[in-house]
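Here's a walk through this chain, taking the charged pairs before the wider fold. Have the model open as you read.

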Amino acid sequence: MATKAGKMEKKRKAESGSKTKSAESGAKKARLDDASKKSAKPAQDEAEDDFESFSDSEDGGATLERSHKFDAKKAADKTNGQAFERASGETSRESHAKQKKLAADRKAAKPLADEVQRSKKIWERLRRKSHVPKEERQKLVEELFTIITGRMKDFVLKHDAVRAVQTAIKYSTPEQRRMIAQELKGTYAQLAESRYAKFLIGKLMVAGDKETRDFIIPEFYGKVKKLINHPEASWILDDIYRQVASKEQKAILLREWYGPSFSLKEMTKDAEPTADLKEILAKEPSKRGPIMKSLGDMINSLVQKNMTGFTMLHDAMLQNFLCMEPGSQEFKEFFELVKGDEAGDLLKNLAFTPSGARLVCLLFAYGTPKDRKVFLKTYKETFLMMSGDQYAHTVILTAYDVIDDTKMVAKAIFPELLGEDAESRTMNTVAAANNTDARKTVLYLTQGLSKSLFPSKTAFDYEVLEEIREIRKTTSKKDDDLRQKELLEAFSPQLLEAIAAAPADFTATPFGCQFVADILLFGIGDKQPALEALAEIAKGNPVHEPSEDDLAPSSVHISQTAFGARMLKSLIQGGKYDKETGKVVPVDPPLNFSNILYPAIKDHILTWATTSSSFVVVGLLESADFEHADSLRRTLKKNKAALQKASKEETAAQKAAKEAAAAESKPAKGGKAKKDKGERPVGNMGSKLLLEKL
């Protein structure tokens with residue numbers, strides 16, 4: 001019987017160990033954003049949370065000097081030295097009951113057992129927020145603070161008790177949060193190593209104020225090398241570095257990668273610390289060897305452990321790479337380190353942080369054709385996700401810019417960005433057209449570094465691409481214009497097909513209209529189906545209002561949106577306006593869109609000429625290849641009175657602008673009224689131009 005009980009005990013321990021490993025795995029993926037939610041899980045999610053399955057003797061892997069020390073002898077005395085042993089003839093039910101009672105007796109013998117139990121009861125009540133009135137919640141929080149105050153170190157290392165502390169932080173006042181933080185002062189580096197207490201640090205970082213963060217973060221100074229290699233502490237350290245640390249604090253933490261001498265703050269009080277390795281080596285070139293070795297060893301250690309998701313690691317790798325001479329032995333070894341990660345996790349993780357994305361772009365730019373092929377292969381099945389990321393999309397644009405084998409690029413990237421079949425291509429292209437980052441991976445081949453695509457020259461992607469374009473002058477052989485043309489030839493037909501399949505979806509948004517105009521003007525391939533599809537959706541009465549008999553209200557007509565009318569006029573002109581020459585530069589071959597559009601809108605041309613789409617009609621008359629100019633002039637002359645009326649009446653847009661200006665001119669409390677900018681022109685300006693042309 002004793003043997004059977006022993007087997008049961010082993011089985012229970014194995015199951016408990018499995019749960020602990022699962023908890024460790026989940027903890028490694030935790031972030032500060034999630035930490036603020038840990039103490040307030042929905043009741044239904046935790047209704048079956050079994051505190052008994054966790055040993056109270058476990059402290060989550062960290063050790064603190066506690067206010068109450070556990071005395072094994074006293075505990076044995078309290079339980080009369082009991083040890084579980086199954087008696088002869090005892091049933092399984094009786095054995096389990098006896099075992100459970102013994103476990104309860106042992107737990108009761110622990111220091112602060114009653115206080116921990118009370119705090120857990122309060123937490124059980126507080127976590128069900130919707131079931132607790134505000135007044136009762138305040139009383140419960142006050143009671144919880146009376147229990148934990150002065151005993152914080154005993155509570156924070158336990159799986160169950162630390163949740164009570166996190167709940168206290170959630171409902172506490174700023175003063176109470178600072179009190180908790182102060183009581184734990186001096187222990188945060190140790191708490192970060194605990195699988196339970198590290199979430200408390202995250203909670204304090206999110207809920208605490210700047211004063212609290214400013215005395216917690218310095219506790220990690222001098223311990224970065226140890227903590228970044230710790231399975232629990234590494235994640236919370238990187239979260240702090242990425243999300244809450246100030247610029248100065250980040251620099252101090254990152255400098256520790258450069259060697260033991262940087263573990264102390266080696267700067268005067270007036271000097272600002274810098275983690276720019278080039279700047280550091282410029283001041284002390286004699287330290288280059290030890291610094292580069294220390295930095296390389298730490299990078300290699302994390303890469304070999306597959307701990308490649310840290311922003312701090314990516315920043316360190318970029319600093320390391322920027323201080324290497326292209327073509328040197330250490331430069332080549334760095335490439336081998338990156339390519340040596342067979343799973344590809346390193347490159348994939350790098351692409352989604354600013355330093356990592358810039359590093360990957362530099363690797364593409366400096367790499368050999370073989371290196372670039374390896375990098376492209378690594379990102380297989382990741383390009384679609386990368387295209388919509390604020391940093392990772394820059395890697396795709398760099399691949400366009402530096403890889404000479406355009407067939408390889410087209411085969412590797414385009415099917416993933418758009419999809420394999422017609423339906424997915426249409427859906428993905430519409431989504432890309434309306435995403436501020438993903439649209440760049442398509443329109444970059446037609447616009448390059450144009451202002452319409454990159455409004456700010458100080459933006460991350462613009463600056464990186466400028467840097468890459470300078471490097472490719474010596475690392476890429478193919479002519480830049482030829483490379484762009486070959487990629488566009490491979491890409492355009494699929495885009496034109498998508499526009500023809502869903503013109504209404506594209507033209508429903510400003511970004512979509514701009515996308516359509518750019519692809520139709522500068523794409524390469526058969527554009528006729530797409531142009532005809534646009535003309536088709538322009539049919540019908542532009543100002544039609546849905547009646548009660550309509551099953552569903554109609555969408556706004558393409559001509560009645562400013563961006564839709566602007567797109568149509570741009571396609572009619574057949575080119576983009578050049579500010580330097582003051583003229584529209586037509587594309588070759590010409591689109592001839594005016595002759596495709598006019599038959600579709602002919603029946604309602606007067607409505608077009610007297611509403612917000614009047615400039616589209618102006619564009620038709622100005623188009624050199626418009627074949628129906630005489631017919632259009634005759635129609636407009638017959639309805640000259642309507643044009644004159646429209647040219648004098650205030651439009652809805654002008655009325656809205658007038659009301660907005662009046663609201664702005666009203667003085668705010670204690671302020672002065674804004675000056676009126678003068679009389680604004682009234683009437684449809686497009687209709688006025690048409691009258692002049694008649």
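Asp401 is buried in this predicted model, its relative accessibility being just 6%. That puts it under the 20% cut-off for burial. Its side chain still finds a partner: Asp401 and Arg469 form a salt bridge, with N and O 3.5 Å apart. What does this pair link? Distant parts of the chain, with Asp401 sitting in helix α25 and Arg469 in helix α29 (residues 460-475), 68 residues apart. Arg469 is partly exposed, at 24% relative accessible area.

The pair isn't on its own, either. Asp401, Asp404, Arg469, Arg472, Asp480 and Arg483 are joined into one network by salt bridges that share partners. Across the model, the count of salt bridges comes to 27.

Two other salt bridges stay inside a single helix. Asp238 and Arg242 belong to helix α15 (residues 233-244), and because they are 4 residues apart, about one helical turn separates them. Lys339 and Glu336 do something similar in helix α20 (residues 329-339), where their spacing of 3 residues is again about one helical turn. Why does that spacing work? An α-helix has 3.6 residues a turn, so residues three or four places apart point the same way.

Here are the three pairs side by side:

| Pair | N to O distance | Relative accessible area |
|---|---|---|
| Asp401 and Arg469 | 3.5 Å | Asp401 6%; Arg469 24% |
| Asp238 and Arg242 | 3.5 Å | Asp238 0%; Arg242 30% |
| Lys339 and Glu336 | 3.3 Å | Lys339 23%; Glu336 48% |

So how do the partners sit, buried or partly exposed? Asp238 counts as buried, at 0%, while Arg242 is partly exposed at 30%. In the α20 pair, Lys339 is partly exposed, and so is Glu336.

Back around α25, have a look at helix α26 (residues 406-418). Its 13 residues reach 17 Å from the first C-alpha to the last, close to the 18 Å expected at 1.5 Å a residue. Which of its residues are buried? The list is Thr406, Met408, Val409, Ala410, Ile413, Phe414, Glu416, Leu417 and Leu418. Those buried residues pack against α23 (369-378), α24 (383-387), α25, α27 (422-433), α28 (440-447) and α30 (480-501). Right after α26 comes Gly419, with a positive phi near 120°.

One of those packing partners, α23, holds Thr378. This threonine counts as buried at 18% relative accessibility, the cut-off being 20%. Neighbours within four places in sequence aside, Thr378 contacts Gly344, Leu347 and Lys348.

Elsewhere, Ser294 lies in helix α18 (residues 288-304). It is buried too, with 15% relative accessible area, and, not counting residues up to four places away in sequence, Ser294 touches Trp257, Tyr258 and Gly259. Arg163, in helix α9 (residues 161-171), is another buried residue, at 14%. Its C-alpha is 9.8 Å from that of Glu124, although 39 residues separate the two in sequence.

Now for the outside. Phe615, Met685 and Leu689 make a nonpolar surface patch of about 230 Å². Met685 sits in helix α41 (residues 685-693) and is partly exposed, at 37%.

Zooming out, the protein chain has 41 helices and 2 strands. Of its 694 residues, 46% count as buried. The accessible surface comes to about 36,300 Å², and 51% of that belongs to carbon and sulfur atoms. Among contacts between residues at least 6 apart in sequence, 71% join residues at least 24 apart.

How far can you lean on the details? The mean pLDDT of the chain is 82, with 78% of residues reaching 70 or more. Confidence is highest in helix α25 (residues 393-402), at a mean of 98, and lowest in helix α3 (residues 43-46), at 39. Over residues 35-58 the pLDDT is below 50, and this stretch has 47 contacts in the model beyond near neighbours in sequence. Residues 547-554 are also below 50, with 4 such contacts.

Conventions
Residues numbered from 1 in each chain as written. Predicted model: local features only at pLDDT ≥ 70, side-chain atom pairs only at ≥ 80, totals over all residues. Heavy atoms only, no water. Patch = residues over 30% accessible without salt bridge, like charges linked within 9 Å, V, L, I, M, F, W, Y side chains within 5 Å. Areas by Shrake-Rupley, 256 points an atom, 1.4 Å probe, with all protein chains shown as cover. Salt bridge = Lys/Arg side-chain N within 4 Å of Asp/Glu carboxyl O. Buried < 20%, exposed > 50% of the residue type's maximum accessible area, 1.4 Å probe, protein only. pLDDT = per-residue confidence, 0-100. Contact = heavy atoms within 4.5 Å. Expected span 1.5 Å × (residues − 1).
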